Amino acid sequence: MGVKHGRDYADILNELTEAVGRISDGYLFFEMEPDEWWELPQESKHEVWEALAEDLFFALGDEPVIQVGGGVVIYDKETHRINILVGEEDLASVDLV
């Protein structure tokens, strides 16, 4: 289903990709070991984060809170924003409108 948005999808996807890539242990979402993740070339890591961002965009429409490693991705319907948190720290936000 996805989340409602008014901005260009490509811009949202780029920002969301960058944001989820900031979750330092986000590779745990893929059930990877740290050494497996660190061995991946940077380009491959970016492709993984982009695929995750795209999946999150659509999944957040049905499940507004999704755990990614030690972080959490939250769709805030009221503010039309996706928030990425690690602990109590607001790591990033992606505006949808």
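Modeller: Before we start on loops, here is what counts as an element: helices are DSSP runs of H or I with at least four residues, strands are runs of E with at least two, and both are numbered from the N terminus. This is a predicted model, where local features need pLDDT of at least 70 and side-chain atom pairs count only at pLDDT 80 or more, while totals for chains, interfaces and linings use all residues. Residues are numbered from 1 along each chain as its sequence is written, and side-chain values use heavy atoms, with hydrogens and water left out.

Biologist: Fine. What pattern does the chain follow, read along the sequence?

Modeller: α-α-α-β-β-β-β. That comes to 3 helices and 4 strands.

Biologist: What makes the chain as compact as a globular protein of that length?

Modeller: Take the radius of gyration over C-alpha atoms, and set it against the globule rule, 2.2 Å times the number of residues to the power 0.38. The chain has a radius of 13 Å, close to the 13 Å the rule gives for 97 residues, so it is as compact as a globular protein of that length. The C-alpha trace spans about 40 × 30 × 20 Å along its principal axes.

Biologist: How do you know that the span of helix 1 agrees with its residues?

Modeller: The expected span is 1.5 Å times one less than the number of residues. Helix 1 runs over residues 9-20, which is 12 residues, so it should span 16 Å; the end C-alpha atoms are 16 Å apart, and that agrees.

Biologist: And which residues of helix 1 are buried?

Modeller: Ile12, Leu13, Leu16, Thr17, Ala19 and Val20. Buried means under 20% relative accessible area, exposed is over 50%, and partly exposed is in between (1.4 Å probe, protein chains only).

Biologist: Why do you say that the buried residues line one face of the helix?

Modeller: Look down the axis of helix 1 and take the directions from the axis to the C-beta atoms. The buried residues fall within an arc of 165 degrees, so they line one face. A general point helps here: an α-helix has 3.6 residues a turn, so residues three or four places apart point the same way.

Biologist: What do those buried residues pack against?

Modeller: Helix 3 (42-59), strand 2 (71-76), strand 3 (81-86) and strand 4 (89-95). Packing is judged by contact, meaning heavy atoms within 4.5 Å.

Biologist: Why does Thr17 count as buried?

Modeller: Thr17 has 3% relative accessibility, so it is under the cut-off and counts as buried. Leaving aside neighbours within four places in sequence, Thr17 is in contact with His46, Trp49, Glu50 and Ala53.

Biologist: Now the rings. How many aromatic pairs does the structure hold?

Modeller: There are 7. Rings of Phe, Tyr and Trp (its six-membered ring) pair if their centres lie within 6.5 Å; planes under 30 degrees apart are stacked, over 60 edge-to-face, and the rest tilted.

Biologist: What makes Tyr9 and Phe57 an edge-to-face pair?

Modeller: Their centres are 5.0 Å apart, which is within the limit, and the planes are at 70 degrees, which is over the edge-to-face cut-off. Tyr9 lies in helix 1 and Phe57 in helix 3, so the pair ties together parts 48 residues apart in sequence.

Biologist: Is each partner buried or partly exposed?

Modeller: Tyr9, at 24%, is partly exposed, whereas Phe57, at 3%, counts as buried. Among the contacts of Phe57, leaving aside neighbours within four places, are Gly2, Tyr9, Ile12, Leu16 and Leu96.

Biologist: Why is the pair of Phe29 and Phe30 called edge-to-face?

Modeller: Their ring centres are 5.4 Å apart and the planes meet at 85 degrees, so edge-to-face it is. Phe29 is partly exposed at 36%, and Phe30 is partly exposed at 30%. Both belong to one aromatic cluster with Tyr27, Trp37 and Trp49.

Biologist: Which loop holds His80?

Modeller: The one between strand 2 and strand 3. His80 has a positive phi of about 55 degrees although it is not a glycine. Most residues other than glycine have a negative phi. At 34% relative accessible area, His80 is partly exposed.

Biologist: And what makes Glu31 exposed?

Modeller: The relative accessible area of Glu31 is 71%, so it passes the cut-off for exposed. Glu31 sits in the loop between helix 1 and helix 2 (34-39), and has a positive phi of about 55 degrees too, without being a glycine.
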